[in-house]
Amino acid sequence: MTQVQVEAVGLSLELVHGEPTASAANKRLAETEATHWLIVRDGSMAPAATSAITRALGELADATLVYGDSFDHGRLRPFAPRPVFSPLRLRQHDYLGPVVALSVAAVRDIGGFRDDADGTQILDLALRLDPATIVRIPVTLGTGAPIAVPADEAAAERATSLVRSHLAEIGVEAEVSETVAGRREVRYPVAGSPLVSIVIPTRGGSGVVAGRERTFVVEAVRGIIQRSTYPNLEFVVVADDATPQHVVDELEALAGERLRLVRWAAPFNFSAKMNRGALAATGEYLLLLNDDIELVTHDWVEQMLGLAQQPGVGMVGALLYFEDGTLQHAGHLYESGAAGHIGFGAVPGRPAVLDSYAVDREVSGVTAACSLIASQTFRAVGGFSSHFPGNYNDVDLCFKIRGSGLSIVCSSRAHLYHFESRTRDARIAPSELQAIHSRWFDRMQVDAYWRDPRNRGY
């Protein structure tokens with residue numbers, strides 16, 4: 001390690017080049033009089049990094065680890081903006097960037113650096129520190145790889161082992177395995193076999209998909225019954241009176257006793273229809289679903305349900321694709337007063353910011369076209385608001401869920417086609433825009449989990 005003192009009011013920073021080994025770091029940890037270590041893990045530090053971190057540490061007295069954005073020269077994604085801290089995401093890849101600052105006192109308090117974490121010491125510390133004290137600052141701190149990649153196979157195995165041990169220590173059952181360099185797959189098995197009520201609003205509409213005429217709700221239910229691997233499901237279909245009788249007959253033939261048919265005679269109101277369906281549902285979880293979907297991954301319910309059962313998670317969404325295979329939704333993006341879809345129009349296989357589509361991650365919101373929520377949580381936050389009959393109902397619901405202290409997660413392994421707006425008029429009423437702004441305008445300015453300097457969703 002190389003140390004360079006950077007003095008500030010009440011602070012003393014020591015500059016460390018390279019991710020330290022346990023033996024060298026612990027020796028220095030016992031000797032140093034610095035309050036913080038500024039660690040350049042990879043690449044180089046930006047000129048303004050020291051002053052930005054010093055200023056942040058002066059304002060955030062309880063911060064134990066501070067990280068920020070970076071540049072990644074020579075790659076497709078030169079700028080790597082990072083989300084606010086997410087322990088769930090960190091388990092799958094170390095996205096903290098090439099420059100971080102550590103509180104020396106905090107590292108001492110948790111026992112210092114561990115021998116079995118060499119090559120992945122920052123990941124190990126971030127897993128062990130109090131998540132509430134790990135802070136992202138919106139400043140470019142350095143140049144280096146967007147995602148920390150272990151130096152060799154042994155270090156990669158240590159990272160996987162560290163995550164596995166960490167989850168066991170905090171009582172979270174999960175299957176952890178390395179996939180590609182720097183990224184791990186963490187699967188959360190479903191606890192028990194809770195009943196999941198799939199709530200689908202419909203008027204029995206039909207359209208042409210892949211050159212074939214289809215009745216959307218019938219094909220959606222048929223596909224789920226035939227291809228979903230999760231067995232304990234019921235179908236709560238909220239059907240307009242205009243729904244053709246032959247559609248109802250087909251649904252009854254397909255779902256049998258698992259079908260709970262709810263009639264809807266009032267004018268179209270998505271929020272009210274979904275609330276009526278939720279009241280009729282008997283499941284411990286509600287899977288809110290549009291009728292114009294088709295499965296891609298057969299274990300989609302297990303993937304979403306395993307995440308929904310994690311402590312602190314309020315709702316889980318999926319990756320949705322247009323008929324042509326381009327991405328339609330990878331979470332909501334709230335920015336500059338507007339609500340959009342992360343990844344809208346992205347081509348599969350195209351690099352995403354911080355490899356985002358490949359990992360389960362917290363997001364600001366998810367679409368009600370496919371989302372899973374505990375029935376108790378749905379009731380606790382008041383369900384959908386009748387002020388949003390056609391649009392922004394899911395945005396409002398997501399803000400209420402996050403306002404209750406719960407997080408929202410987008411699953412990287414639940415994939416479906418969504419034949420967007422084939423069954424309804426998707427135009428936004430001015431009254432709906434005014435209503436969502438009256439409630440959440442201030443919180444729709446800067447998205448905490450997704451940032452792109454080009455203001456594009458990929």
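This presentation describes selected features of one protein structure, from its cores to its loops.

The structure is a predicted model, in which local features need pLDDT of at least 70, side-chain atom pairs count only at pLDDT 80 or more, and totals for chains, interfaces and linings use all residues. Residues are numbered from 1 along each chain as its sequence is written, and side-chain values use heavy atoms, with hydrogens and water left out.

I begin with the interior. The largest nonpolar core has 119 residues. By nonpolar core I mean a set of buried Ala, Val, Leu, Ile, Met, Phe, Trp, Tyr and Cys residues joined through side-chain atoms within 4.5 Å. Buried stands for under 20% relative accessible area, exposed for over 50%, and partly exposed for what lies in between, with a 1.4 Å probe and protein chains only. Leu65, Leu96, Leu289 and Trp300 have the most contacts inside this core. The element that gives the most to this core is strand E18, residues 313-321, with seven residues. Helices (H or I, at least four residues) and strands (E, at least two) are DSSP runs, numbered from the N terminus. Apart from the largest core lies another, of 18 residues, among them Leu11, Leu38, Leu57 and Val99.

Let us stay with Trp300. Which residues does Trp300 contact, leaving aside its neighbours within four places in sequence? They are Ile224, Ser228, Leu287, Leu289, Leu295, Cys370, Ala414 and Leu416, where contact means heavy atoms within 4.5 Å. Trp300 also belongs to the buried residues of helix H10. That helix, residues 300-308, is mostly covered, with eight of its nine residues buried. Besides Trp300, the buried residues of H10 include Met304, Leu305 and Leu307.

Cys370, a contact of Trp300, brings us to the cysteines. How many disulfides does the structure hold? The number is zero, with a disulfide taken as a pair of cysteine sulfur atoms within 2.5 Å. In general terms, a disulfide is a covalent bond between the sulfur atoms of two cysteines. For Cys370, the nearest cysteine sulfur is that of Cys410, 9.5 Å away. Seen from Cys410, the closest cysteine sulfur is in Cys370, and 9.5 Å is too far for a bond. Cys370 is buried at 1% relative accessibility, and Cys410 is buried at 0%.

The next element is helix H8, residues 245-255. Its buried residues include Val247, Val248, Leu251 and Ala255. Why do these four lie on the same side of H8? They cover an arc of only 100 degrees around the axis, which puts them on that one side; the arc is that of the directions from the helix axis to the C-beta atoms. The cover over the buried residues of H8 includes strand E13 (212-215), helix H7 (216-227), strand E14 (233-240) and strand E15 (259-264). After H8 comes Gly256, which has a positive phi, near 60 degrees.

I turn now to a hairpin. Strands E20 (residues 332-335) and E21 (residues 338-341) pair in the antiparallel sense over four bridges; two strands pair if DSSP finds at least two bridges between them. One bridge joins Glu335 to Ala338 in E21. The hairpin has two residues between its strands, and Ser336 in the turn has a positive phi of about 55 degrees. Gly337 also lies in the loop between E20 and E21, and is buried with a relative accessible area of 8%. What does Gly337 touch, not counting residues up to four places away in sequence? Its contacts are His437, Phe441, Met444 and Gln445. Gly337 and Gln445 are 108 residues apart in sequence, yet their C-alpha atoms are 5.2 Å apart in space.

Finally, I come to the loop between E21 and strand E22 (361-363), where Ser356 lies. Leu354 and Asp355 are found there as well. Most residues other than glycine have a negative phi, and most peptide bonds are trans. Leu354 has a positive phi of about 55 degrees although it is not a glycine, and Asp355 likewise has a positive phi of about 55 degrees. Is each of them buried, exposed or partly exposed? Leu354 is buried at 6% relative accessibility, whereas Asp355 is partly exposed at 29%. Ser356 is buried at 2%. The side chain of Ser356 reaches the backbone oxygen of Val353 at 2.4 Å. Beyond its neighbours within four places in sequence, Ser356 is in contact with Arg89, Arg361 and Trp450.

Terms used. A polar contact is a pair of N or O atoms within 3.5 Å; within protein, one must be able to donate a hydrogen and the other to accept it, and residues adjacent in sequence count only if both atoms are side-chain atoms.
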